[in-house]
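Reader: Could you take me through one part of this structure in detail? I would love a close look at the pocket, with some context on the chain around it.

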Amino acid sequence: MQKVQKISNRLIPGYRLGISITLIGLLLIVVIPFASLFIQGLTIGFKQFWFQATNARILASYAVSLKGAFLAALINTFLGLILAWVLTFYQFPGKRLLDCLLDLPFALPTAVAGIALAYLFSDKGWLGRLAAPLHIQIAYTFTGIVIAMVFVTIPFVVREVQPVLAQLDNTYQEAALTLGANSWTIFRKIIFPEILPALIAGFGLAFARSLGEYGSVIFIAGNQPFKTEITPLMIMFQLEAHSYTGATVIALVMLVFSFCFIFVIHALQRHLERKKGTP
């Protein structure tokens with residue numbers, strides 16, 4: 001087996017060069033910046049680190065960011081599955097336009113998205129004006145934070161699930177249909193296990209992206225202490241106050257949490273892939 005692997009590696013053009021460039025690029029772009037942040041955090045005494053990381057206002061921002069990111073990722077997992085399903089299996093006028101619009105949050109500056117959402121859901125905005133008579137406030141509340149996070153992360157789930165749906169083998173579905181299975185049973189027993197790893201990946205990407213979102217959130221959040229302040233905003237506050245130690249501590253906490261979360265998501269994906277491949 002090892003001999004076959006070595007032969008295949010020699011047959012791939014530019015194998016050593018490609019591996020070298022990959023490792024060097026990963027080292028320069030990812031490993032060194034994160035390592036420098038981690039090393040800088042180690043120079044801070046444990047007492048000071050704990051004091052900065054567990055400040056009441058900082059803890060409140062952790063809660064806002066985590067709850068908002070989780071809800072946004074959960075909403076986008078459900079909504080993204082529906083959108084991916086429609087774009088994959090249905091034909092309708094405007095399908096290509098909808099497909100292009102889904103990628104708009106990738107290209108649009110997040111600050112532009114935040115300004116547009118804040119105006120749209122404010123008391124004088126199109127949607128905010130409709131909600132005002134019902135005594136529902138969206139802008140400058142936690143609900144506004146979730147909406148902004150949903151807006152910027154919806155493409156992640158769609159683009160993860162869409163290719164998997166497009167490559168599904170219809171043989172098993174047709175066989176199940178001939179055996180009398182209904183649509184819900186076919187989806188639950190055949191389709192859902194196939195797309196579950198992609199859904200988990202989309203959820204993880206949406207959650208991680210929402211957790212670090214800044215530009216689209218600050219304009220609609222209202223930035224009220226202990227209520228609608230997100231953790232990236234607290235890092236900016238520390239930098240504006242020239243408290244580089246405080247900014248480093250918060251950033252390091254977010255880095256460790258994000259790394260652990262991504263590691264768990266990848267481990268879960270690998271487990272599901274192995275389980276799916278087991279006869």
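Author: Happily; here is a look at the largest pocket, followed by the chain that holds it. Please keep in mind that this is a predicted model.

Let's start with the pocket itself. The volume of the largest pocket comes to about 520 Å³, and 15 residues line it. If you would like to find its centre on screen, go to F34, A251, M254, L255 and S258, the lining residues that lie nearest to that point. Three elements each give two or more residues to this lining: α2 (15–42), α13 (231–240) and α14 (244–277). Of the contributors, α2 gives the most, with 6 residues.

The chemistry of the lining is easy to describe. Nonpolar residues account for 13 of the lining positions and polar ones for 2, while charged residues are absent from the lining of the largest pocket.

Now step back to the chain. It has 14 helices and 0 strands, so its pattern along the sequence is simply α repeated, from α-α-α at the start through to the end. The C-alpha atoms fill a box of roughly 65 × 60 × 30 Å along the principal axes.

As for packing, 35% of the 279 residues are buried. Taking contacts between residues at least 6 apart in sequence, 76% join residues at least 24 apart. On the outside, the chain exposes about 17,200 Å², and 71% of that area is supplied by carbon and sulfur atoms.

How values were computed
Residues numbered from 1 in each chain as written. Predicted model: local features only at pLDDT ≥ 70, side-chain atom pairs only at ≥ 80, totals over all residues. Heavy atoms only, no water. 1 Å grid on protein atoms, 1.4 Å probe; cavity = no way out; pocket = protein on both sides within 12 Å on 5 of 7 lines; lining within 4 Å. Points joined across faces, edges and corners; volume = space filled by probe spheres on them. Helix = DSSP H or I, 4+ residues; strand = E, 2+ residues; numbered from the N terminus. Nonpolar A, V, L, I, M, F, W, Y, C, P; charged D, E, K, R; others polar. Buried < 20%, exposed > 50% of the residue type's maximum accessible area, 1.4 Å probe, protein only. Contact = heavy atoms within 4.5 Å. Areas by Shrake-Rupley, 256 points an atom, 1.4 Å probe, with all protein chains shown as cover.
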